[in-house]
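Student: Before we trust any labels, can we go through how each one is earned? I'd like the cut-offs on the table.

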Amino acid sequence: MADVIWCKKVVGGKPCNTVNYLDPYCFWNWEGKTNCAECGTVYYIYMIQGHMYRGPEEKPGEKPDMSPLYADHPLEGYTYYLPGVKGRTRPFECLPRHIYLGRADMVKFSIRGRPVRGWRPQPPSGGLAGQFPYKWDIKKLSPEVWAEYQEKKKKGEVKEW
Ligand SMILES: [Zn+2]
């Protein structure tokens, strides 16, 4: 969890005492309004890198932008609301926000400028998982990476340490 909102709103003569869990995928860097899953109190929060920068501040009469993923009641035997309870918690869609989706960069060279093996495609002759156990004949197997390596050497971008 990035953080929680422990709701202390007094409803019907006793504090709500619901813990609303702010999951990191959605709330890590986020500004907006979220609701308490139990009493529906709307809180403004501003989170930066998982830290509560501002809030939670009550915003009576406003609508939440996004609900917490999960909530429970630690003082009442941990009764809970699972994800996807309408009007209380958000459905779990197993995906981070769109800005965190995409393809990983393929690294061909280490920080010292030496070729690494963790890129693709690797030739079928590499066998299972393209491991080339003791011999990585880069010149033969990946001529384009070899050429790039020679280029790097000429430019002095390859270091020992
Ligand atoms: Zn509440």
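**Labels and what backs them**

Student: What makes strand 4 and strand 8 a pair?

Tutor: Strand 4 (residues 18–22) and strand 8 (residues 70–73) are joined by 3 bridges and run antiparallel. Pairing takes at least two bridges found by DSSP, so with 3 bridges these strands pass. Strands here are DSSP runs of E with at least two residues, helices are runs of H or I with at least four, and both are numbered from the N terminus. As one example of the register, Tyr-21 stands opposite Tyr-70 in strand 8.

Student: What sort of model is this, and how are residues numbered?

Tutor: It's a predicted model, where local features need pLDDT of at least 70 and side-chain atom pairs count only at pLDDT 80 or more, while totals for chains, interfaces and linings use all residues. Residues are numbered from 1 along each chain as its sequence is written.

Student: How do you know that strand 8 pairs with strand 9?

Tutor: Count the bridges again: 3 of them join strand 8 to strand 9 (residues 79–81), antiparallel. Ala-71 faces Tyr-81 across that pairing, standing opposite it. The two strands form a hairpin with 5 residues between them, and Gly-77 in the turn has a positive phi of about 70 degrees.

Student: Why are strand 5 and strand 7 called edge strands?

Tutor: Start with the sheet: 3 strands form an open sheet in the order 5-6-7, with antiparallel pairing. Strand 5 (30–35) and strand 7 (51–58) each have a single partner strand, so one side of each lacks a neighbour in the sheet. Between strand 5 and strand 6 (residues 42–48), which run antiparallel, there are 6 bridges; Asn-35 stands opposite Val-42 in strand 6.

Student: Why is Arg-112 called exposed?

Tutor: Arg-112 is in the loop between strand 9 and helix 2 (138–141). Exposed means 12 or fewer other C-beta atoms within 10 Å of a residue's own, buried means 20 or more, and partly exposed is in between, with C-beta atoms placed from the backbone. Arg-112 has 10, so it's exposed.

Student: And what makes Val-107 exposed?

Tutor: Val-107, in the loop between strand 9 and helix 2, has 12 C-beta neighbours inside 10 Å, and the limit is 12 or fewer, so it counts as exposed.

Student: Which residues does Arg-112 contact, leaving aside neighbours within four places in sequence?

Tutor: Val-158, Lys-159 and Trp-161, where contact means C-beta atoms, placed from the backbone, within 7 Å. Arg-112 and Val-158 are 46 residues apart in sequence, with 5.6 Å from C-alpha to C-alpha.

Key. Contact = placed C-beta atoms within 7 Å.
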